[in-house]
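Biologist: I would like a close look at one part of this model. Please start from a pair of strands and work outwards from there.

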Amino acid sequence: MKIPFLDLKAGYLELQPEIDAAIKRVLNSGWYILGSEVEAFEAEFANYCEANYCVGVANGLDALHLSLLALGVKPGDEVIVPSNTYIATWLAVSQCGAIPVPVEPDPLTYNVDPTRIEAAITDRTKVILPVHLYGQPADMDPILAIAKKHDLRVLEDSAQAHGARYKDKRIGAHGDIVAWSFYPGKNLGAYGDGGAITTNDAELADRINVLRNYGSRVKYVNDVLGFNSRLDPLQAAALRVKLKVLDEWNARRSNIAECYSDELKNIGLLLPLIPEWAKPVWHLYVVQHPQRDNLQKQLGEADIGTLIHYPIPPHLQAAYAKLGFGKGDLPIAERIHQNVLSLPIGPHLTTNHLKSAIEATKVALRA
Ligand SMILES: *Cc1c(COP(=O)(O)O)cnc(C)c1O
């Protein structure tokens, strides 16, 4: 019995009639770029996120990049990013010609530690870019207070946190603008690439709207240097179906996380810590162990699929050699990257598979 880390096809099969009908509706409409299907998804997702506006774009990286441009980030500016994140967060900054300035995370929540942010602010800092990593909201109130004090803007990378709540309010417009990915494996995933921004700021929404479509408001009239980064109507139609089940599918993830947290206590694993103000959506269930590689190997031998999010932190990637960071410069992120392991989780992990994953983990750590 092979237990996959995540079973995407099972997600399609559960919704097959509705997804097939939605795709067919787009094909039959004769309209294949932007249009009513994208607009309907934008309205529904904005409503879900408790935000005033949503603009669909081509993917999560573009959502981050266009958001930074809309916030006015220019070459040479600095943007504060977490040291512990997927490299896309940093790449969006680099795509603007700006410099990612890493801040270390709280080692227990994995999210950026607000008490370390002020030390990283310089007169070139323009934006603070927290990530709601692994589906858990970052501590937004202190981040927003620091931004206000230093006259900075806040962009949230919410690629892993569809539906999460910070102090009872959905992630979607705590900061100035929020970037989303609908990569298939995300909590709200398309059948291909997709992304969006949400915001309460009409001007920012309008700027993204223009930037994603060749810098144009009126066809063949180009106001700014734009991009082609539009949410595909086929993906929008599928996302409308999946948005309806997002809360239910997130609840399944929560149940799995609760089982892991109950069953895997006191066996030498560091389990996720959830602050009382956070309602996470468990994009990943991440544990830490000092012999992580050995644990992953043993779980693999027991046919349990696990992944590492992430094996190499951005500052130690060859792509960022130019920034001049070395081993030991960001020790908290480096230790996290050495010790983390993501256990199987998803809305279609069966009870039997969950039991097997728990049992195999217990056996591996007893040995
Ligand atoms: C997935 C992801 C992205 C990028 O999304 P794409 O749609 O793949 O471009 C950005 N940031 C984080 C934290 C992610 O997990």
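Biologist: How many bridges join β6 to β12, and do these strands run parallel or antiparallel?

Modeller: One caution before the details: this is a predicted model. Two bridges join β6 to β12, and the two strands run antiparallel. Within the pair, R165 stands opposite K279 in β12.

The pair belongs to an open sheet of three strands, in the order β7-β6-β12, with antiparallel pairing. Its edge strands are β7 (169-170) and β12 (278-279), and each of them pairs on one side only. As a general point, strands of a sheet pair through backbone hydrogen bonds, either parallel or antiparallel.

Next, look at what packs on β6. The buried residues of helix α5 pack against β4, β5 and β6 (165-166). Helix α5 covers residues 140-149, and M140, I143, I146 and A147 are buried there. Seen down the axis of α5, these buried residues fall within an arc of 130 degrees, so they line one face of the helix. K148 and K149 lie on the other side of α5 and are exposed. Just after the helix, D151 takes a positive phi of about 60 degrees.

Helix α5 also leads us to another sheet, through β4 and β5. Here seven strands form an open sheet in the order β1-β9-β8-β5-β4-β2-β3, with mixed pairing. The edges are β1 (53-57) and β3 (99-103). Each has a single partner strand, so one side of each is left without a neighbour in the sheet. Neighbouring strands of this sheet are turned by 30 degrees against each other on average, direction ignored.

Now walk through the strands. β4 (residues 125-128) and β5 (residues 153-157) run parallel, joined by two bridges. In that pair, I128 stands opposite V154 of β5. β5 then pairs with β8 in the parallel sense, over three bridges. L155 stands opposite I177 in β8. The sense changes at the next pair: β8 and β9 pair in the antiparallel sense, over four bridges. There, W180 stands opposite A196 in β9.

β8 deserves a pause. Five of its five residues are buried. Both faces are covered: I177, A179 and S181 are on one side, with V178 and W180 on the other.

Helices lie across this sheet too. Helix α2 (residues 36-48) lies across β1, β8 (177-181) and β9 (195-199), and runs at about 130 degrees to β1. Helix α4 (residues 88-95) lies across β2 (78-82), β3 and β5, running at about 175 degrees to β2.

The ligand comes next. It is surrounded by 13 residues, and the closest are G60, D157, Q160, S181 and K186. Two of these names fit what we have just seen: D157 falls in β5 (residues 153-157), and S181 is one of the buried residues of β8. An oxygen atom of the ligand is 2.7 Å from an N or O atom in the side chain of S181. For G60 the partner is a polar backbone atom, 2.7 Å from an oxygen atom of the ligand. K186 contributes a polar side-chain atom, 2.8 Å from an oxygen atom of the ligand.

Then take N187. N187 sits in the loop between β8 and β9. Its relative accessible area is 6%, and a residue counts as buried under 20%, so N187 is buried. Leaving aside its neighbours within four places in sequence, N187 is in contact with Q160, H162, L246, N250, R253, V281, W282 and H283. Q160 is also among the residues closest to the ligand. The C-alpha atoms of N187 and H162 are separated by 6.1 Å, though the two residues are 25 residues apart along the chain. Two side-chain links of N187 stand out for inspection. A polar contact of 2.9 Å joins the side chains of N187 and N250. The side chain of N187 also reaches the backbone oxygen of V281, at 2.9 Å.

For contrast, turn to K9. K9 is found in helix α1 (residues 8-29). K9 is exposed, with a relative accessible area of 56%.

Back to the starting point, then. β6 pairs with β12 through two bridges, and the buried residues of α5 pack against β6 as well as β4 and β5.

Methods:
Residues are numbered from 1 along each chain as its sequence is written. This is a predicted model: local features need pLDDT of at least 70, side-chain atom pairs count only at pLDDT 80 or more; totals for chains, interfaces and linings use all residues. Side-chain values use heavy atoms; hydrogens and water are left out. Two strands pair if DSSP finds at least two bridges between them. Axes are lines fitted to C-alpha atoms, for helices over the stretch in contact, and angles run from 0 to 180 degrees between N-to-C directions. Contact means heavy atoms within 4.5 Å. Buried means under 20% relative accessible area, exposed over 50%, partly exposed in between (1.4 Å probe, protein chains only). The arc is that of the directions from the helix axis to the C-beta atoms. A residue is near a molecule or strand if one of its heavy atoms lies within 4 Å of it. A polar contact is a pair of N or O atoms within 3.5 Å; within protein, one must be able to donate a hydrogen and the other to accept it, and residues adjacent in sequence count only if both atoms are side-chain atoms.
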